[in-house]
There are 2 protein chains.
Amino acid sequence: MRKDVANLKYVFNPKSIAVIGASDNPAKLGNVILKNLVDGGYEGKIYPVNPKYEKLLGLKCYSDIKRIKGKVDLVIFAVPSTIIPKLAEDCGEKGVRGLVVLSAGFGEVGNFELEEELRRVVLKYDMAMIGPNCLGVMNPAERVDSIFFPFYKFGRPNVGEISLVTQSGAVGSTVADLAAYYDVGFAKFASYGNGATIGDADLIEYLGSDPKTKQIIVYLEGTKNGKKLLDVLERVNKKKPIIVLKAGKSKSASEAAMSHTGNLAGNYLAYQAAFRQSKVIEVDSVVDLFYVASIFSQPLPRGARVAVLTDGGGLGVLAADSLEKENMKVVEFSKETKGKLKKVLPQYVNVVNPLDIVADSGTETYQKSLKILMDDAGIDSVIVIILFQAPAVDSRIIDVLVKESDRKKKPIIVVAVGGEYTKENRRILDGYGIPTYGCPKSAVRTLKKFTEYSLFLQNKK
Amino acid sequence: MRKDVANLKYVFNPKSIAVIGASDNPAKLGNVILKNLVDGGYEGKIYPVNPKYEKLLGLKCYSDIKRIKGKVDLVIFAVPSTIIPKLAEDCGEKGVRGLVVLSAGFGEVGNFELEEELRRVVLKYDMAMIGPNCLGVMNPAERVDSIFFPFYKFGRPNVGEISLVTQSGAVGSTVADLAAYYDVGFAKFASYGNGATIGDADLIEYLGSDPKTKQIIVYLEGTKNGKKLLDVLERVNKKKPIIVLKAGKSKSASEAAMSHTGNLAGNYLAYQAAFRQSKVIEVDSVVDLFYVASIFSQPLPRGARVAVLTDGGGLGVLAADSLEKENMKVVEFSKETKGKLKKVLPQYVNVVNPLDIVADSGTETYQKSLKILMDDAGIDSVIVIILFQAPAVDSRIIDVLVKESDRKKKPIIVVAVGGEYTKENRRILDGYGIPTYGCPKSAVRTLKKFTEYSLFLQNKK
């Protein structure tokens, strides 16, 4: 691993952070970032740097990075692009190990020389740099957070197992915000923007060796080194699932990507071939990045034989349609399972898969039926479609699902379509590691990708 | 129109409602329904019927429908199936015009004779019957509501233009609940279950002539009369868009549908041919039913030339990808429009479509750019992708969008991906008739269907 890449540990786990361009003006990034570090509960040393101030948010403010007496692991830049290479040189001399350069105004607007100058300085000192032109990093476990979005607009994910690598700050932040909403945790977040020194492949490689990271989400427009990316994807994906969204597939999109981070989006077919060869999980929408990553909180399915359990008939029918469309198997229940189910279900319930226990069935019927399906070795995954609107289902259904999920016998995923009350219940379930989906189709598409990855791992052995 | 179908006006706009099987036990449907009518603010006469009680919820309770002195327009049944034909006979004699039979236990569990008996009685008196085995009806304008789901679990949509016809109560209620959450209004809701007398085609025909209904959502498993359905779809869809989700496409799903409402799902290819011939809008997921219906709050687009405006670069790139995939046109801006945009945008913004005004652009940049795109006759629709997480965008963006949308020059649709704060803003926009989507892909797919319908109407002329 390149020395600067290894130094990413100082970016994600710094013992001290300096904010160059810290400010008391709430309209400035340097204010928001400093405030977010303080309010977010970062426990290391925080050094605001700005010659204009003596103190900021109760912290001593420094005129210059070199005036700081202690060690500085990470520096976050919130100053105009043109002065950054010079300041980075100071950082190098000071022994700083990590830089996050949020500022725009580099390659993406044609200032390639400025970006090259910055690159040279950074590599000279082996500093790990995220950026420029990015949102930077988060490490919820350490409360490291360089995102200049206010807490009330952008929810911070809790501590978890998903790490995210993104060229686009917008895409990265929306996925993280979704995860926060559903209480799905993150290990690391890196929005690398132009990726002048450290880019997609470096970050994926680093996170591949990060013990806290169990799944990696990647949003990509263009890469600087396709061969290296393919190599890293192949190696890391065998250890940890990589979920990729490649944008800039079309001509107009590719042009937009160019003006976005100064990277050519390249020929999509080449990317697609690389994704197929490395068996990473490719998705085609932002929400699918989140949906697929969150399903990995469940144990891997052995195969594609699925049971559907529901109290809302039509939704079960739709799930069966989607399963057949995706070449998943709507398994026929064994005689034994049918017999067991008949004992616990009302007489008028037709014991077939999808199993519709009907809307006046309550939580106990759910519990008994689910247990039977979980104990059947002929079933690889169970999709539970709950009509939270129905009066017979009460909040004990959460306990039933959590209890079965905790047995870790096979994946349980939940579908619940609806408004306020339904969404609240979804959030609770996701918080307990039971992934939920807002329509049967999304759930099935996600389960399909989960199953394919599981089969890939099995075949590899 | 058949006499009983014409009598649907008494089901949707009754001046008086009797609830047979009303109860004071909160666990009984007859209690929930009565309570929902009272609490929901239904202003007509309400007659609880149950020989066990003198009074219920402060209302005089009747032992028998015939004991009610005044006229009864609609009767809602919440009693066991076996006694319903006899009670329906009483209703016929009493001059009741509409029945909603919520009770299950008819054709869907093999009791075909009982269903046939009920059918004969109902048709003898030309009563309009919804059901049996259904959730019944809602008419938000009149506070008519037979849904036995509690208010806190199932949000009731406000008054609006969408009407929904569904074989499955679960699917219908989840779509309505989604609509309520996003503050998108409904005209009429009908969950017809087994559809013993009045089914899909009858309801669509009736709503086709209902002046309050502007769009019709249909969820269908199987129909009793394919030819009639095709005929009605063709006629009504020319006046009002019909959005259809057909379930039971696959073998296992078709079997599940049979045990659900006692109707065969039939050969999907025949349905598909009918949908194509009638040019109705077919969708393949529950949420798309809602997404497509809600886009009709915007004016019809003249063509497929789309502009994308965003402050979140990557999301714009993804929208462009989806547009090209769906054969929509990511229009190249005219020289004039480019010139105008350059005047209002910061120099570093690359003036291309998708137009990324970058995350530090505030509401005013949005406002000026949007106005220019709305005034360009070479653009048929505008997709605005807002990164609500970014600090520069404030709540005035809502006013900007509402003002432009109110000019009704062309459709504006909004994409916003994220958590709590983003969802709140989406709900506000949807409430103002600006449809919002949780990812670029859904927005583009919906806009595509909207555009196709618009082109169908234009070609028809």
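Me: How many residues of chain A are in contact with residues of chain B?

Reply: Contact here means heavy atoms within 4.5 Å, and by that rule 71 residues of chain A are in contact with 71 residues of chain B. This is a predicted model, in which local features need pLDDT of at least 70 and side-chain atom pairs count only at pLDDT 80 or more, while totals for chains, interfaces and linings use all residues. Residues are numbered from 1 along each chain as its sequence is written, chains are lettered from A and ligands numbered from 1 in the order in which they are written, and side-chain values use heavy atoms, with hydrogens and water left out.

Me: What area do chain A and chain B bury between them?

Reply: Buried area is the accessible area (1.4 Å probe) that two parts lose on being put together, summed over both. Chain A and chain B bury about 5,100 Å² in this way, with 66% of it on carbon and sulfur atoms. On the side of chain A, Lys153(A), Val317(A) and Gln389(A) lose the most area to chain B, together 12% of what that side buries.

Me: Which salt bridges and elements should I look for between the chains?

Reply: A salt bridge is a side-chain nitrogen of Lys or Arg within 4 Å of a carboxyl oxygen of Asp or Glu, and there are 6 salt bridges between chain A and chain B. One of them joins the side chains of Asp284(B) and Lys325(A), at 3.8 Å from N to O. Helices (H or I, at least four residues) and strands (E, at least two) are DSSP runs, numbered from the N terminus; among the elements that give two or more residues to the side of chain A that touches chain B are α6, β13 (242-246) and α17 (440-460) of chain A. The element that gives the most to that side is α12(A), with 9 residues.

Me: How are the two copies related, and what turn lays chain A on chain B?

Reply: Two copies of a chain are related by a rotation about an axis and a shift along it. Superposed by least squares on the C-alpha atoms of residues with pLDDT of at least 70 in both, chain A can be laid on chain B with an RMSD of 0.0 Å by a turn of 180° and a shift of 0.0 Å along the axis. That is the relation of a two-fold axis. Since 100% of the interface residues of chain A are also interface residues in chain B, the copies meet through the same surface.

Me: Where is Asp73(B) found, and is Asp73(B) buried or exposed?

Reply: Buried means under 20% relative accessible area, exposed over 50%, and partly exposed in between (1.4 Å probe, protein chains only). Asp73(B) is found in the loop between β4 (59-60) and β5 (74-77) of chain B, and Asp73(B) is buried yet has no salt bridge. Lys and Arg count as positive and Asp and Glu as negative, while His and the chain ends are not counted; the nearest side chain of opposite charge, Lys71(B), is 4.3 Å away. The side chain of Asp73(B) does reach the backbone nitrogen of Lys15(B) at 2.8 Å.

Me: Which peptide bond or phi value should I look at in chain A?

Reply: Most residues other than glycine have a negative phi, and most peptide bonds are trans. In chain A, a cis peptide bond joins Asn353(A) and Pro354(A), with omega about 0°. Asn327(A) has a positive phi near 60°, and Asn327(A) is exposed, with a relative accessible area of 65%.

Notes
Polar contact = N/O pair within 3.5 Å; in protein donor to acceptor, adjacent residues only side chain to side chain.
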